[in-house]
Amino acid sequence: MVTRSDNLPAENVSRGGDGYHIPVLLKETIEGLNIQPSGTYVDCTFGGGGHSRAILEHLDENGVLVAFDQDADAAANLPNDPRIVFIPQNFRHIGRFLKLKNISGVHGILADLGVSSHQFNEPARGFSTRFDANLDMRMNSRQSKTAAEILNTYPEQRLHRMFEQFGEVTNSKTLARTIVAARTSSPFTTIAQFQQVLHSIVKGNPNK
Ligand SMILES: C[S@@+](CC[C@H](N)C(=O)[O-])C[C@H]1O[C@@H](n2cnc3c(N)ncnc32)[C@H](O)[C@@H]1O
């Protein structure tokens, strides 16, 4: 089961007291998973743990929940529960890690894709245009490549393809050309600087 939290503007996402959001489509997600009490489930995107906690409520003492999150901050939200196995890694390695834990099959998998409210609301993470901060945008802070590095080093063609495929923009070619022209005189470091460069070519909501 896959849900999307990041298609909501950050300011529209309800948040729990811990800064993480209230999980989207919680009731529907739990219904859709059709949880067997002693089953094994995977939450690919643990985040604030809202979906995970609801899954745990439906498991008995033999149930198992394997939870992934590549953001080390997510570990702070782990419940003290022996049925949960937390794997602080990208869920693309799911097969390898399940094998490592001797799990040969699961009853359900959930992926709530996108950025968490916590990531949007921490200025230093560099995900939100509501703050000026370094252009970081790493979900996994153990990785070295930041958004600034990508903007400053990728060839124009590669930036064009990246924005075309993932950016949900219609002018990806102009965008890539503008970035490459701007960075020769002044490499990108901050969100404000990036916004200023894009100002003349961004169509629609400038804060998107
Ligand atoms: C929308 S939030 C999930 C919120 C969660 N369902 C809840 O109830 O609080 C998405 C989370 O998935 C993590 N994430 C995104 N892509 C990931 C990936 N490929 N591997 C592991 N974690 C990922 C992010 O770090 C973020 O914490």
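This is a short chat about the ligand surroundings and the helix packing in a predicted model.

Visitor: Before we start, what kind of model is this, and how are residues numbered?
Guide: The model is predicted, with local features needing pLDDT of at least 70 and side-chain atom pairs counting only at pLDDT 80 or more, while totals for chains, interfaces and linings use all residues. Residues are numbered from 1 along each chain as its sequence is written, and side-chain values use heavy atoms, with hydrogens and water left out.

Visitor: Okay, which residues come nearest to the ligand?
Guide: Gly-48, His-51, Asp-69, Asp-112 and Gln-119 come nearest, out of 23 residues around the ligand, where a residue is near if one of its heavy atoms lies within 4 Å.

Visitor: And what polar contacts does the ligand have with Gly-48?
Guide: Counting as a polar contact a pair of N or O atoms within 3.5 Å, an oxygen atom of the ligand lies 2.9 Å from a backbone N or O atom of Gly-48.

Visitor: What about the side chains of Asp-112 and Gln-119?
Guide: Asp-112 places a polar side-chain atom 2.8 Å from a nitrogen atom of the ligand, and an N or O atom in the side chain of Gln-119 is 2.8 Å from an oxygen atom of the ligand.

Visitor: How much of the ligand does the protein bury?
Guide: The protein buries 95% of the 610 Å² that the ligand exposes when taken alone, with accessible areas from the Shrake-Rupley method and a 1.4 Å probe.

Visitor: Switching to helices, how do helix 7 and helix 8 pack?
Guide: Helix 7 (residues 172–185) and helix 8 (residues 191–198) have axes 10 Å apart and pack at an angle of about 120°; helices here are DSSP runs (H or I, at least four residues) numbered from the N terminus, and axes are lines fitted to C-alpha atoms over the stretch in contact, with angles from 0 to 180 degrees between N-to-C directions. Helix 7 is therefore oblique to helix 8, given that angles under 35 degrees count as roughly parallel, over 145 as roughly antiparallel, 65 to 115 as roughly perpendicular and the rest as oblique.

Visitor: And where does helix 6 sit relative to helix 7?
Guide: The axes of helix 6 (residues 156–166) and helix 7 come within 8 Å and cross at roughly 140°, which makes helix 6 oblique to helix 7.

Visitor: Last one, at what angle do helix 1 and helix 2 cross?
Guide: Helix 1 (residues 26–33) and helix 2 (residues 50–57) cross at roughly 45°, and their axes come within 10 Å.

Notes. A polar contact is a pair of N or O atoms within 3.5 Å; within protein, one must be able to donate a hydrogen and the other to accept it, and residues adjacent in sequence count only if both atoms are side-chain atoms. Helices (H or I, at least four residues) and strands (E, at least two) are DSSP runs, numbered from the N terminus.
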